[in-house]
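Hi,

Here is the structure I promised to pass on to you. Please open it alongside this email, and I will walk you through what turned up.

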Amino acid sequence: METKDLRIDISERVLHFKQPAGTSRGTYLTRRSWFVTVSDGVHTGVGECAPLPNLSCDDLPDYGRVLREVCDEVCLLRAESGEKCLLDVERLRRYPSMLFGLETAFRHMQCGSYMLFDTPFGRGEEGIPINGLVWMGSHEEMLQRMEEKVKGGFRCVKLKIGAIGFDEELDLIRRLRSRFSRQDIELRVDANGAFAPEEALQKLEQLSRYDIHSIEQPIRQGQWEEMARLCQASPLPIALDEELIGVNGAEEKAQLLDTIAPAYIILKPSLHGGMAGSTEWIRLARERGIGSWITSALESNVGLNAIAHFTAHTYGSNIQMPQGLGTGQLFTDNIPMPLEIREDRLWCEGAKVRGCEGARVRNFLAEWHNDNPRVLVHTSGSTGKPKALWVEKRRMLASARITCDFLGLKEGDTALLCMPLDYIAGKMMVVRAIERKLRLIEVKPSGHPLADLPRGGEEEIVFAAMVPMQVWNSLQVPEERERLRQIRHLIIGGGAIDEALARELKDFPHAVWSTYGMTETLSHIALRRLNGPGASEWYTPLPDVRVWTNEEGCLVVDAPQVCDGPMVTNDIGTVLPSSQGGAFRILGRKDNVVCSGGIKIQAEEVERLLAPSMKKPFAITKRTDEKYGEIVVLLTEEDNLDAVKEVCEAVLPKYWRPRLYLHIDALPTTETGKPARKRMAEIAEAADV
């Protein structure tokens with residue numbers, strides 16, 4: 001259903017297990033899930049509704065139809081109330097898998113990211129400890145799977161029992177314990193209600209000889225008195241799992257915990273009331289001194305990702321109890337998510353930060369994931385005083401997506417952040433990492449961004465964005481130059497690329513691009529290749545971008561995905577009439593035009609002609625003059641001004657030649673490394689000549 005400001009779409013998908021998943025209730029070969037996509041016309045969120053057959057309290061024969069009715073009610077409730085995000089948890093208590101899917105989708109829509117909560121796990125700083133899972137099978141199959149988990153680095157392994165005969169399973173556990181001590185491996189067992197009440201205690205006593213952490217649901221759910229007696233007498237701690245299914249009200253939950261008094265409860269949001277219901281269970285358990293942990297219920301990676309972030313948010317930093325979050329490896333056709341299992345921990349790999357300025361990225365991520373749909377950015381101040389702008393997160397994501405698609409970046413690629421995060425260039429590198437799930441490596445912004453990177457294959461850079469000064473400096477140091485050559489996608493922006501720098505880059509083995517854009521266009525909207533067969537002097541607009549010039553010769557940019565309507569720039573340019581979208585060249589900034597004696601001189605064009613003959617850094621600026629109105633001024637770090645004058649007289653047309661030459665110790669630049677044009681003009685005006 002779609003209301004004025006909310007639409008919920010539903011799609012159904014069948015996932016296939018890599019190997020048969022055996023439980024005491026039968027063997028799973030496939031897994032059916034329903035995915036809800038919530039959109040308010042600007043932002044979109046996705047959640048998974050995944051009831052378990054013959055187990056979930058909302059495993060309905062007409063599940064898809066009921067889910068559609070529930071979603072329609074949610075849309076109507078929002079339309080009537082006018083609130084941005086409103087779920088009637090009480091109404092949805094009896095549909096826990098639907099509630100969980102909708103909770104996830106709305107949270108995703110609010111955040112604009114699959115990082116549903118801002119936690120150390122979500123920021124890639126901490127992993128969540130998880131147990132390995134050994135499915136039921138033959139004696140030899142289970143032993144082999146157990147050995148695989150141990151070799152994989154797991155310190156806690158859960159065995160599904162109840163399918164091959166208790167004596168065989170007990171022998172398997174005995175053999176495992178003879179090879180792996182309690183210090184080596186923590187063992188958990190899950191009976192899925194396989195034991196009869198009259199024989200359960202005897203079996204628990206036999207299992208207790210092998211240093212087992214706990215047993216899940218030894219007898220079938222719904223037998224509260226029998227389970228209570230078992231919990232009181234058992235030599236093994238008992239954890240309730242299926243027992244909690246269908247117990248949805250707070251009073252009934254409290255009654256169950258008071259009656260049975262288990263050692264632990266195990267929460268599956270899809271089965272136990274979504275995030276809201278699971279949070280209620282954990283609160284009631286804590287009040288009674290009962291432990292808990294959270295597991296998935298064979299969801300796809302969409303549900304698993306939500307459960308992992310919910311777990312990190314619920315239990316806080318440095319989780320010690322292994323959680324049941326390893327099911328992302330179960331399916332042949334799972335949905336990609338920024339999750340990775342390394343040894344016995346689950347990690348969020350959406351935007352992993354490494355380096356000395358990690359706090360800045362964390363601060364930006366906190367801002368990115370808050371409720372404000374906009375982010376504050378500042379212009380660089382290269383042509384005047386820096387100014388603050390509010391830009392929409394959805395447009396930043398669109399810009400990031402366009403760039404990643406154009407360059408062919410894929411999930412897991414390594415990206416280098418070497419720009420200040422106060423400006424759009426740095427922020428957009430982080431947003432690209434979020435959007436494409438890149439592995440972000442951060443270094444302190446400097447003129448030599450590659451100097452401190454450790455060598456080694458794991459730190460090979462797939463994608464980097466730099467300003468010309470950073471590239472030029474890196475070229476001067478052999479080790480940095482070689483590292484620069486190995487970057488597979490290098491984009492250079494924030495300033496003009498002179499002929500000398502362009503020559504240095506022509507033989508690079510991988511793609512090097514010059515970019516065109518500004519803060520208002522959320523980084524670049526056009527690129528030109530600097531090396532290889534596609535090298536060109538002309539910028540090519542990105543998809544869905546058009547460029548033309550107005551009557552003053554200034555470029556006009558129409559980039560509907562990142563800007564509200566066409567934007568007139570201060571850049572003087574030339575557009576190829578026959579090109580699709582408007583391939584163009586930049587002549588210079590309108591601000592940098594020197595009107596001297598009625599002749600308009602573009603400062604950047606003068607610099608371009610002089611650059612091949614100048615040995616030291618220089619720049620062209622202007623100064624007011626009574627006779628000419630304005631005059632061309634050359635600032636240079638060269639001491640021999642006479643030699644500089646000779647070069648100008650030999651290279652430049654008569655009317656372009658500077659009328660004033662000034663020595664300066666260092667040309668002023670902005671924090672982002674761009675020439676500080678306004679400051680240069682101030683120096684020229686203040687010169688005592």
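Valine 547 stands opposite valine 557 of strand β24. Please keep in mind that this is a predicted model. The two strands in question, β23 and β24 (residues 554-558), pair in the antiparallel sense over four bridges. They belong to an open sheet of four strands, in the order β23-β24-β25-β26, with antiparallel pairing. At the edges sit β23 (546-549) and β26 (584-589), each of which pairs on one side only. From one strand to the next, the twist averages 50°. As a reminder, strands of a sheet pair through backbone hydrogen bonds, either parallel or antiparallel.

Just ahead of this sheet, have a look at aspartate 544, in the loop between β22 and β23. Its phi is positive, about 70°, although aspartate 544 is not a glycine. Most residues other than glycine have a negative phi. Aspartate 544 counts as partly exposed, at 48% relative accessibility.

Asparagine 192 is another non-glycine residue with a positive phi, here about 50°. You will find asparagine 192 in the loop between β7 (186-190) and α6 (197-207). Is asparagine 192 buried or exposed? At 8% relative accessibility, asparagine 192 counts as buried.

Next, helix α8 (residues 250-260), whose buried residues are Lys253, Ala254, Leu256, Leu257 and Ile260. These residues cover an arc of only 160° around the axis, so they lie on the same side of α8. What covers them includes α7 (224-233), β9 (238-240), β10 (264-267) and α9 (274-287). After α8 comes alanine 261, with a positive phi near 50°.

A little further along, lysine 268 lies in the loop between β10 and α9. Lysine 268 counts as buried, with 9% relative accessibility. Which side chain does lysine 268 join through a polar contact of 2.5 Å? The partner is aspartate 241. Leaving out residues up to four places away in sequence, lysine 268 touches Asp241, Ser278, Thr295, Ser296 and Ala297.

Another loop residue worth a visit is leucine 530, between β21 (523-529) and β22 (540-541). Leucine 530 counts as buried, at 4% relative accessibility. Beyond its neighbours within four places in sequence, leucine 530 is in contact with Ile492, Ile497, Leu505, Lys506, Val512, Trp513, Ser514 and Ala535. Leucine 530 and aspartate 507 are 23 residues apart along the chain, and their C-alpha atoms are separated by 9.6 Å.

Finally, the cysteines. How many disulfides does the structure hold? The count is zero. Why does cysteine 71 have no bond to cysteine 49? The sulfur of cysteine 49 is the closest cysteine sulfur to that of cysteine 71, but the two are 6.6 Å apart, and this is too far for a bond because a disulfide needs the sulfur atoms within 2.5 Å. Cysteine 71 is buried, with a relative accessible area of 0%. Cysteine 595 is in no disulfide either, and the nearest cysteine sulfur, that of cysteine 554, is 12 Å away. Cysteine 595 counts as partly exposed, at 36% relative accessibility.

Happy exploring, and best wishes

Definitions and conventions
Residues numbered from 1 in each chain as written. Predicted model: local features only at pLDDT ≥ 70, side-chain atom pairs only at ≥ 80, totals over all residues. Heavy atoms only, no water. Pairing = 2+ DSSP bridges. Axes fitted to C-alpha atoms, helices over the stretch in contact; angles between N-to-C directions. Buried < 20%, exposed > 50% of the residue type's maximum accessible area, 1.4 Å probe, protein only. Contact = heavy atoms within 4.5 Å. Arc of directions from axis to C-beta. Polar contact = N/O pair within 3.5 Å; in protein donor to acceptor, adjacent residues only side chain to side chain.
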